[in-house]
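User: I have a structure open here and would like to go through it with you. Can we start with the charged side chains?

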Amino acid sequence: MRQANDAGTIAHVLNRIAFGPRRSDWELADELGAEGYVRWQLEPESITDRSVNTKLDRLPTLKMDIGELYRGYPPAQAAERLMREDEELDEEARRRLERQSRIPLQELAAARMVRAVESEKQLNEVLVDFWFNHFNVFYRNRIRSLISTYEREAIRPHVLGSFRHMLGAVAHSPAMLVYLDNWQSAAEEDRKVFGPSPRARNDAVEDAIRAMPRAGGMPNPRQMQQMQRQRRQQRRNRPPGLNENYARELMELHTLGVDGGYTQNDVREVARALTGWTLTLGARNFDNTGFVFRPDWHDAEEKTILGKMLPAGRGLEDGEDVLDMLAAHPETATFIATKLCRKFIADRPPGDLVDTVAGVFLRTRGNLRATTAAVLLSDEFLGTEYHGSKVKSPMEFLTSAARSLDLPINTNGQLGRNLRQLGAPLYGAASAAGYPDIAAEWTSANAILARMDVGALLAAEAFPDGSVLSGTGRGTGSRGRTGGQQRPRRRRPRTGGGPVGTLEVRIDALLAQILPGGVGGETREKIIDWGDSQDSAPSNAEIATLILGSPEFQRR
Amino acid sequence: MAKKYCCDEYTRLTGVSRRVFVRTGGLAMVSFGLAPCFMGRALGATASLQGRGKILVCVFQRGAVDGLSMVVPHGDREYYKARQNIAIEAPGRGDNRAIDLDGFFGLHPSLAPLQPWYEEGHLAIVHAVGSPDATRSHFDAQDYMETGTPGVKSTPDGWLNRLLAETAEAELGGSQALIRALAVTQQEPLALSGPQASLAVGDLQQFLGGEGAPSQRARGTDRQMNAATDMAGSDMANERQVEQARRRTSGNQRQREMLASGFEALYGADERDIVLSTGAEALDAVAFLKTADPLRYQVANGAEYPNVGLGRQLRHVAQLIKADIGLEIAFADIEGWDTHRQQGSTQGPLANRLTEFGQALAAFARDLGERMEDVVVLTMSEFGRTVEENGSRGTDHGHANACMVLGGQVNGGTVYGDWPGLSREQRYQGRDLAITTDFRDVFGEVADTHLSPANRDTLFPGHVLEPSNYKGLIKT
């Protein structure tokens, strides 16, 4: 039954709804009790995050809209189009643009790590990680600058909101439209389309208006002709066919799941419903989100999806209806419930709980706060049965290590780069399915060894006692730097740091700090024996390295 | 090292307690002849470093390579009708045309490095191969191909693992190599997972400690692999860091050994606990591989591997083979085949990928030289792609595909399999290349004739292999 305040349960809760225990969070959770802490975290609107926000203010691209990002940090190919026709990009300029184009994603990754390690709204961050992974996009060249707004607008606002809203925001997002090719999907040759190009009537006027500021007056006839020619060319460039990629993954990975009972025909029909869902990323014309519906690309004939008939002669509603249908489908409820239970309970989620949670999802029409609460307030979650049942993913390992060591995190992104060595760089999951969430996927020989290494780096940063345990990685990159004070009450000693006293005292102190839920007596014995058998007593950094690389620390 | 001792025995004999070699970064530690004490599964076995048996190398093209572009059916008119923009031109004068193989099929021009192997009879191709299951989900189809049980999701192990079980008994003198199967992939592939021990080492150089490894010091620091997708861009600053770190840490033997013994104590083999057993295995494997020092083997015969992706993986596989550690099965994979849009024909993303693919395989075969007599490389992909191009000048998920079989004992110079034709009526569901050979028959024949498993019927539960139906891919 629930033991609201026992250390094991607090550790369990903080390892699941937060990125691992951290001193300040521990005190809070202890005070509120496990359930109280969970309830508090389920309402992140009531939590302030002043210090994190101050840090993030240093990253300008985090607040830019998609137009600013695309214009300010375009991929080299797009930049070429921005320039005048007779200018070309030389190698040097191209490389500069390449580096430039990476900045928004680097800042986003840095921000994600800062939040994961230091935000007070821990559950919110855990859920952003989860839902981004669920609606995964991969940072290929073309979409780097699109991911920032994707995470900020399509994922983050909805993680405790409405699943249907998140689904819609994702479907409308340039990042997803490009990643899964829907932006190039149009009605097939022989199909009736919904309407003419949206700009057909206003072309001439709009072109004139747009041209005015640059020309310093009315556009000359030659410019007008050029623009009209470009417009006609654009209309001719309509892609001549259907692309099923997004339609398939929408059902297989985002909603129904691969066993959700849809057929190849359904995939095709969904693709037809989503024709014309595309984007405008041309340098000149931009709306807020980058999404645009092209009536002249949309297949307006009748469709049948999952047994339901969508009548002919409709436009955007076709796609919206499909999203409605999928979001409300019982298979979706089960699929989402299963994934949430796998994330928070165990690799093989208990069937009864999955059913219950799926029921909540359906009843509340995809209210994610209610659904998530159904998982996190369950007996399975708050009880002791599933303690330590999950293996930490690379992100969870890294953040929990940084948090348990109380390492200050900079906005230079150094900490996050360790994720590559650990096998899961941010935004680097190549498949639309995102990173997996089961132990077997994270426990190869490399994975374990990489954790020992990265643990060594972080331990050396936390307890810089002059030992050379620094290796080749990046730690947090915060050594020797000033700035980023968010806990003024904790002073870092000038040398070494960490617990003092006899070996046993120090080992116990470090175990209590890094594995506050407690460790088995055997592990403690082994570490003490090991320490005792050395010629000179191991330093705090060395002890911490061992603990971070230990089997216990890999679990949550 | 001809014989390995169990840890306690070794300690008793030599008075030296075991230390473990753990790789990379600031922690490079030294190993002294470990016996596989930690590896419960290998208990009692004595390892031999003198294995020179047969080796199967599987290369998985993940993402569904377009088999019709890889091995072009230029003799089939329907091919050109279906692909107005992305077809590969039939052989003829000039570049950028299919390289003729047998008058009907041709190689994509980017696979030119493989042509000599075909000509000399060491490369065989089987076309119109695939899975009877109709799924077009990458993930499902890959799983089915790796478990060897299409349509069945509950199979817990991979076909290569079952193969390992069947070749275990056949080892000479009952001794068993410590590492019989190895994947140069980041995670263990499903095909290799199961009760027989295997290892996923990722990038071998990183795994074995790169800069700190004794075999590396003589040659100086290698460039760190700069992945094409690295967000951080230039690694110049990194390399300086690496060099500095190497100089600093090479003086700290004591510290590293101390940590090594600590980890060793914490990780004991416990079959039931995936973290414990994997950790113990990892420590053991590194120790063993360090002793074998595969990275000291140089590339031979003027072979030139591409330095990323599959080229790198296969270079490491070649080194592992030369190190004679008793490897039987190696697994590598290469992604980036899912060409839904702008696939290109003789230029473009698919052509680029095929260039990398062909160069890697050809370099591998050349590097190993005579050793290829013992080696067979088998390529595979979860399904093919649509016969017709789609609206984005790409192709969508299809059905049948082509496999390649490369090795000294291969009956090459032939494209095997029955060609079903590409007209609409001949296609699978009117859209895809139809299957005329089940992939299990290709894999099974290769495994059976090359590695001689004790019982071939366990390889593919629910599917019986008929030796009388074998195509004769391998000389027996």
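Analyst: Let's begin with one pair in chain A of this predicted model. A:Asp321 and A:Arg314 form a salt bridge through their side chains, at 2.8 Å from N to O.

User: Why would two side chains pair up like that?

Analyst: Side chains carrying opposite charges can pair when their charged atoms come close.

User: And is A:Arg314 buried or exposed?

Analyst: A:Arg314 has a relative accessibility of 18%, so it counts as buried, since the cut-off is under 20%. Its partner A:Asp321 comes out at 21%, which makes it partly exposed.

User: Ok, chain B now. What does B:Asp367 pair with?

Analyst: Its salt bridge is with B:Lys322, and the closest N and O atoms are 2.6 Å apart. The two residues belong to distant parts of the chain: B:Asp367 is in helix 13 (residues 349-368) of chain B and B:Lys322 is in helix 12 (residues 309-322) of chain B, 45 residues apart. Both B:Asp367 and B:Lys322 are buried.

User: Got another one, maybe in loops?

Analyst: B:Glu388 and B:Arg427 meet in a salt bridge through their side chains, 3.2 Å from N to O. B:Glu388 is in the loop between strand 9 (375-381) and strand 10 (401-407) of chain B, while B:Arg427 is in the loop between strand 11 (414-416) and strand 12 (437-438) of chain B, so this bridge ties together parts 39 residues apart in sequence.

User: How accessible are those two, B:Glu388 and B:Arg427?

Analyst: B:Glu388 is partly exposed with a relative accessible area of 30%, whereas B:Arg427 is buried at 9%.

User: How many salt bridges does the structure hold over all chains?

Analyst: There are 56 over all chains. Some residues are linked in a network of salt bridges: A:Glu188, A:Glu244, A:Arg268, B:Arg136, B:Arg431 and B:Asp432. That network includes residues from chain A and chain B.

User: Switching to rings. How many aromatic pairs are there?

Analyst: The count is 21 over all chains. In one of them, A:Phe138 and A:Tyr139 have ring centres 5.3 Å apart and planes at 50 degrees, so the pair is tilted. Tilted is the class for planes that are neither under 30 degrees apart nor over 60.

User: Are those two buried or exposed?

Analyst: A:Phe138 is buried with a relative accessible area of 13%, and A:Tyr139 is buried with 3%.

User: What about B:Tyr79 and B:Tyr80?

Analyst: That aromatic pair is edge-to-face, with 4.8 Å centre to centre and 75 degrees between the planes. B:Tyr79 is buried at 1% relative accessible area, but B:Tyr80 counts as partly exposed at 25%.

User: Which residues do ring pairs link into a cluster?

Analyst: The cluster consists of A:Phe130, A:Trp131, A:Phe135, A:Phe163 and A:Phe361.

User: Where does the charged end of A:Arg112 sit?

Analyst: It sits over the ring of A:Phe132, 5.4 Å from the ring centre. In chain B, the charged end of B:Arg62 sits over the ring of B:Phe60, 4.6 Å from the centre.

User: Last topic, chain B as a whole. How many helices and strands?

Analyst: Chain B has 14 helices and 12 strands. Of its 476 residues, 61% are buried. Among contacts in chain B with a separation of 6 or more, 73% are between residues 24 or more positions apart.

User: And what does it expose?

Analyst: Chain B exposes about 17,500 Å², and carbon and sulfur atoms supply 46% of that.

Terms used:
Residues are numbered from 1 along each chain as its sequence is written. Chains are lettered from A and ligands numbered from 1 in the order in which they are written. This is a predicted model: local features need pLDDT of at least 70, side-chain atom pairs count only at pLDDT 80 or more; totals for chains, interfaces and linings use all residues. Side-chain values use heavy atoms; hydrogens and water are left out. Helices (H or I, at least four residues) and strands (E, at least two) are DSSP runs, numbered from the N terminus. Buried means under 20% relative accessible area, exposed over 50%, partly exposed in between (1.4 Å probe, protein chains only). Contact means heavy atoms within 4.5 Å. Accessible areas come from the Shrake-Rupley method with a 1.4 Å probe; for residues, only the protein chains shown count as cover. Rings of Phe, Tyr and Trp (its six-membered ring) pair if their centres lie within 6.5 Å; planes under 30 degrees apart count as stacked, over 60 as edge-to-face and the rest as tilted. A charge sits over a ring if NZ of Lys or CZ of Arg is within 6 Å of the ring centre and within 35 degrees of the ring normal. A salt bridge is a side-chain nitrogen of Lys or Arg within 4 Å of a carboxyl oxygen of Asp or Glu.
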